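Biologist: I would like to go through this model with you, one local feature at a time. Please keep the answers short and give the reasoning.

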Amino acid sequence: MAEPAAKKSKTERPKVVLAYSGGLDTSTILVWMIEKGFDVICYCADVGQLGEDFAAVTEKAMRCGAIKVYIEDLKEDFVVNYVYEAVKANAIYESRYLLGTSLARPCITKRQIEIAQKEGAKYVAHGATGKGNDQVRFEMGAQALDATITTIAPWRDPEFLEKFKGRTDLLNYAAENNIPVDATPKANYSVDENLFHTSFESGMLEDPMTPPDKSMWKMTVDPTDAPDVGERIRIEFAKGVPVKATGADGAVKTDPLEIFMYLNERAGANGVGRLDIVENRFVGIKSRGCYETPAGTVLREAHLDLEGITLDREVVRIRDRLSAEFATLAYNGFWFAPEMELVRHSLDFVQRHVNGAVEIELYKGNVIIKGRESPNALYSADLASMDIDDGGALFDYNPADSQGFIKINSTRLKAYFNMTSKLGAAEES
């Protein structure tokens, strides 16, 4: 980590570590908190935001009055300890959302608390709104990691809300306090970025019938504009984690972060990973969001396919429940909860034999499985073959045994049908 920019505080004032983006909202919060008597330490997490100028973020924070600025490169930590945990879990919220924002928040919060502890700060702050999930994720994580540190949430503070009723108030305050404002026209939606995904919501997107602008997307090309020829990639896994990616272009990636960034690039170039949904926030509000998660989409499909050849049927049934639990806990902000620890340890056990390779083809927004292999495969071609009567040399399987199997399993169905038939006859009489 680079040494943080700093200047000496003139007086002993309470310290607060502010999660800072350099945007209008958090810059306003920075100056407002200084007015309220805090020494503000700004912290900006690099989790792979596209085109972010962290030098400019640092300069702006210092100009606005921060006593110190931390720019923390968390990209590898994010991929290895959060994204790949979700890959192992096949994590997906409400059967559609791959949790891009949800996974970044505990990663960001953990480092924020570590900085607060290092600096002797008794407060942390964030710019999340009072209607979203992020306030819950940030604060639940902070409480779990250090309950002696208090979180300040300006967008829930009555005085702050009274002063800033909209963007016009923020801009007026910025002009009065010499806060630099980006002259670029503001998009009619909000954007949250990290290397796992980009999310778009609010503004024009609050109307669920309004389609997203074609120019909005950042990580993926429009599937209709993607190449007319598919692209093959081989992905190798060890204990459920991707360890190697080999592309048709000759690229070979073995570093965890490089694997993920390569898959992002190639999947995005083929239009893979777009999603437009209405989801249920933990706070009880339905929200429309558009997401692009190229590498995450590819890895989930490949990982699921490899599990198909390596996991027992009943393990898969239980894994599905663990996967759903993982997704709900991550989405709702319970990353550091004991139940999440239990789920993650259980999934590690499940993933012991998920080793092997999957070959995929990327084509116009689709991930097409072309083949899979594993040294731990439970699949047997002889056992599955319709051309071999028994189970082959390794398995004692007699198709005639299926008759008894079917009879036993149909016993309860017969009993149920018998009961409902009597009810129907009684109702007719």
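Biologist: In which loop does Ser 95 lie?

Modeller: This is a predicted model. Phi of Ser 95 is near 65°, a positive value in a residue other than glycine. Ser 95 is also exposed, at 64% relative accessibility. Its place in the chain is the loop between H3 and H4.

Biologist: Which class of exposure does Glu 94 fall into?

Modeller: Glu 94 is found in the loop between H3 and helix H4 (100–119). Its phi is positive, about 50°, although Glu 94 is not a glycine. Most residues other than glycine have a negative phi. The relative accessibility of Glu 94 is 37%, and because exposed requires over 50% and buried under 20%, Glu 94 counts as partly exposed.

Biologist: How are H3 and H8 oriented to each other?

Modeller: Two packed helices are described by the angle between their axes and the distance between the axes. For helix H3 (residues 75–89) and helix H8 (residues 256–269), the axes come within 9 Å and cross at roughly 80°. Angles of 65 to 115 degrees count as roughly perpendicular. H3 and H8 are therefore roughly perpendicular.

Biologist: How many of the residues in the contact of H3 with H8 are charged?

Modeller: On the H3 side, the contact has Lys 75, Glu 76, Val 79, Val 80, Val 83 and Tyr 84. These meet Pro 256, Leu 257, Ile 259 and Phe 260 in H8. The residues of this contact divide into eight nonpolar, no polar and, as the count asked for, two charged.

Biologist: Which strands stand at the edges of the sheet S11-S10-S9-S14-S15?

Modeller: Five strands form this open sheet, with antiparallel pairing. An edge strand has a single partner strand, so one side of it is left without a neighbour in the sheet. The edges are strand S11 (252–253) and strand S15 (366–373).

Biologist: What angle does the direction of H8 make with that of S10?

Modeller: H8 packs on the five-stranded sheet. It touches strand S9 (231–238), strand S10 (241–247), S11 and S14. Its direction makes an angle with that of S10 of about 50°.

Biologist: Which residue in S15 does Tyr 363 stand opposite?

Modeller: Strand S14 (residues 356–363) pairs with S15 over seven bridges, in the antiparallel sense. In S15, the residue opposite Tyr 363 is Asn 366.

Biologist: What is the average turn between neighbouring strands in the sheet S7-S8-S13-S12?

Modeller: This open sheet has four strands and antiparallel pairing. Strand S7 (190–193) and strand S12 (274–280) are its edge strands, each pairing on one side only. With direction ignored, neighbouring strands are turned against each other on average by 25°.

Biologist: Which residue in S8 does Ser 190 stand opposite?

Modeller: S7 and strand S8 (residues 198–201) run antiparallel and are joined by four bridges. In S8, the residue opposite Ser 190 is Glu 201.

Biologist: Is Arg 319 buried or exposed?

Modeller: Arg 319 lies in helix H10 (residues 313–332). Leaving out residues up to four places away in sequence, Arg 319 touches Asn 90, Leu 304, Glu 307, Leu 311, Leu 347 and Val 350. At 7% relative accessibility, Arg 319 counts as buried.

Biologist: How many disulfides are found in the whole structure?

Modeller: A disulfide needs two cysteine sulfur atoms within 2.5 Å. The sulfur of Cys 44 is 9.1 Å from the closest cysteine sulfur, in Cys 42, which is too far for a bond. For Cys 107, the closest cysteine sulfur is in Cys 44 at 12 Å, also too far. The search of the whole structure finds a disulfide count of zero.

Conventions
Residues are numbered from 1 along each chain as its sequence is written. This is a predicted model: local features need pLDDT of at least 70, side-chain atom pairs count only at pLDDT 80 or more; totals for chains, interfaces and linings use all residues. Side-chain values use heavy atoms; hydrogens and water are left out. Axes are lines fitted to C-alpha atoms, for helices over the stretch in contact, and angles run from 0 to 180 degrees between N-to-C directions. Helices (H or I, at least four residues) and strands (E, at least two) are DSSP runs, numbered from the N terminus. Angles under 35 degrees count as roughly parallel, over 145 as roughly antiparallel, 65 to 115 as roughly perpendicular and the rest as oblique. Contact means heavy atoms within 4.5 Å. Ala, Val, Leu, Ile, Met, Phe, Trp, Tyr, Cys and Pro count as nonpolar, Asp, Glu, Lys and Arg as charged, and the others, Gly among them, as polar. Two strands pair if DSSP finds at least two bridges between them. Buried means under 20% relative accessible area, exposed over 50%, partly exposed in between (1.4 Å probe, protein chains only).
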